[in-house]
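Here is a short report on the inside of one protein model. Look at the sequence and structure first, then read on.

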Amino acid sequence: MRIIQNVRVMDPASGLDEVTDLLMESDRILAIRKAREEEIDRARSEEDGLIDGEGLCAGPGLVDIHVHFRDPGQTYKEDIHTGSAAAAAGGVTSLVCMANTKPPVDSLETLKNLLDREKSLPVHVYQTAAVTKGLKGQELTDMKALAAAGAVGFTDDGIPIRDEKLLLSAFRQAKELNLPVSLHEEDPDLIGSAGVNQGKVSKQLGLPGAPALAEQTLTARDCLLARESGVRLDIQHVSSGITVDILRFMKKEGVNVKAEVTPTHFSFTEDLVLKKGTLAKVNPPLRTEWDRQKLIEGLKDGTLDMIVTDHAPHTLEEKAKGFDPKNPAPSGLIGLETSLALGITHLVETKDLSLMDLLRKMTCNPADFYQLPGGRLYEGGPADLVLFDPKEKWVLKKEDLHSKSKNSPFIGMELTGRVHMTICRGQVVYQL
């Protein structure tokens, strides 16, 4: 038995917010109440059985439905083991890996190999499959077979699907399978250069840039296709304020669409590129303060449902290539270990969201979208939780990162809110 004593238990699914004890037996939550003396004695007799939660919050383990582990094919950047360690350090107990690996997850062989290896990891790792073969946008994968083998959804993340007829067919198949489709919405025909917003910063750097229009047009198109098919659609990593308005309208029209936003996009603007260089180069790019405020508005009114990291490891050597369009640094940054702290720092501390609202968008909302068992704290439920201090200030250090790659623009920044312990399946998988 394991007991966390005198902890603030927060479950956004039920609204529970109470200082009490949390009792775990094996991989389940036994009870959420004050422990009896005999239970305390039993827990005390076991290693790490009695945990002091004074001053800490216990929330459901975070659920991140947009993660890249670079496995297979680019494990020099990250692999399922280092990625899982980073997830645990960030309080993430359930995550969904994207399909744009090398080779992509477009075959039963690749999918089954990953699923077999992911069973032994310290956190729950779920796997998407590709929408199109080779991520080429020309021919659909065998979606039915991939679903039967264990894929939790479909995505060509990183590469937009241009063919409307093909995408509509994919939507209809996914609807029949009752699985979601997640889409990266950036029309490449409208992008001059990726990773930097088309505007003042791109001009200063002498780059054509990536306009918000590239995101807005595909988002509107694909919401209409989703309306026609009834598919459960996820618009990934929203960056544009106009996109928020489009999504709000589409939801009112009855489209079954949910939307993600990353901590990077609601915390910072394109100006971070001038300070941090290619470490802040992401697809879609960081945009203006107006866009950032619109993203926060979307989080507050529920238009943006889920906070995800788009954890995207690259080596520092790759990131050192700079902005030269002929040989550019790749876009993307790591985020699993900083997502909760960035949310507390830039949403809760600013009074834009309550701590409960933040947790809701990082736990039960994404779990519900992918129909995963996590994201909740309740008696009899899975013993997956994060123990954190919402007021602790700390500075992110490169040497403290568990990810194999260190491409974070947040290194050296002071953040508020720190993970102290992560428990998954009733086992301590990370301790500060």
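**Terms and model**

Ala, Val, Leu, Ile, Met, Phe, Trp, Tyr, Cys and Pro count as nonpolar; Asp, Glu, Lys and Arg count as charged; the others, Gly among them, count as polar. The model is predicted.

**Nonpolar cores**

The largest nonpolar core holds 77 residues. Leu95, Phe154, Phe171, Leu304, Leu340 and Leu358 have the most contacts inside it. Helix H5, residues 164–177, gives the most to this core: six residues. Another core lies apart from it, with 19 residues. Leu272, Val282, Trp394 and Leu415 are among them.

Phe154 has many partners to trace. Leaving out residues up to four places away in sequence, Phe154 touches Ala129, Ala130, Val131, Met143, Leu146, Ala147, Leu177, Leu179, Pro180, Val181 and Ser182.

**Cysteines**

The structure holds zero disulfides. Why does Cys97 not bond to Cys424? The sulfur of Cys424 is the closest cysteine sulfur to that of Cys97, but it is 14 Å away, too far for a bond. Cys97 is buried, at 3% relative accessibility. Cys223 is also buried, at 0%.

**Cavities**

There are six cavities of 30 Å³ or more. The largest encloses about 70 Å³. Its lining is Thr262, Thr264, His265, Val282, Asn283, Pro284, Thr309, Asp310 and Leu333. Three of these residues are nonpolar, five polar and one charged.

The second largest cavity has about 60 Å³. Val67, His68, Phe69, Arg70, Asp71, Cys97, Met98, Asn100, Thr101, Leu114, Glu118 and Gln127 line it. This lining divides into five nonpolar, four polar and three charged residues.

Technical notes:
Residues numbered from 1 in each chain as written. Predicted model: local features only at pLDDT ≥ 70, side-chain atom pairs only at ≥ 80, totals over all residues. Heavy atoms only, no water. Core = buried A, V, L, I, M, F, W, Y, C linked by side-chain atoms within 4.5 Å. Buried < 20%, exposed > 50% of the residue type's maximum accessible area, 1.4 Å probe, protein only. Helix = DSSP H or I, 4+ residues; strand = E, 2+ residues; numbered from the N terminus. Contact = heavy atoms within 4.5 Å. Disulfide = S-S within 2.5 Å. 1 Å grid on protein atoms, 1.4 Å probe; cavity = no way out; pocket = protein on both sides within 12 Å on 5 of 7 lines; lining within 4 Å. Points joined across faces, edges and corners; volume = space filled by probe spheres on them.
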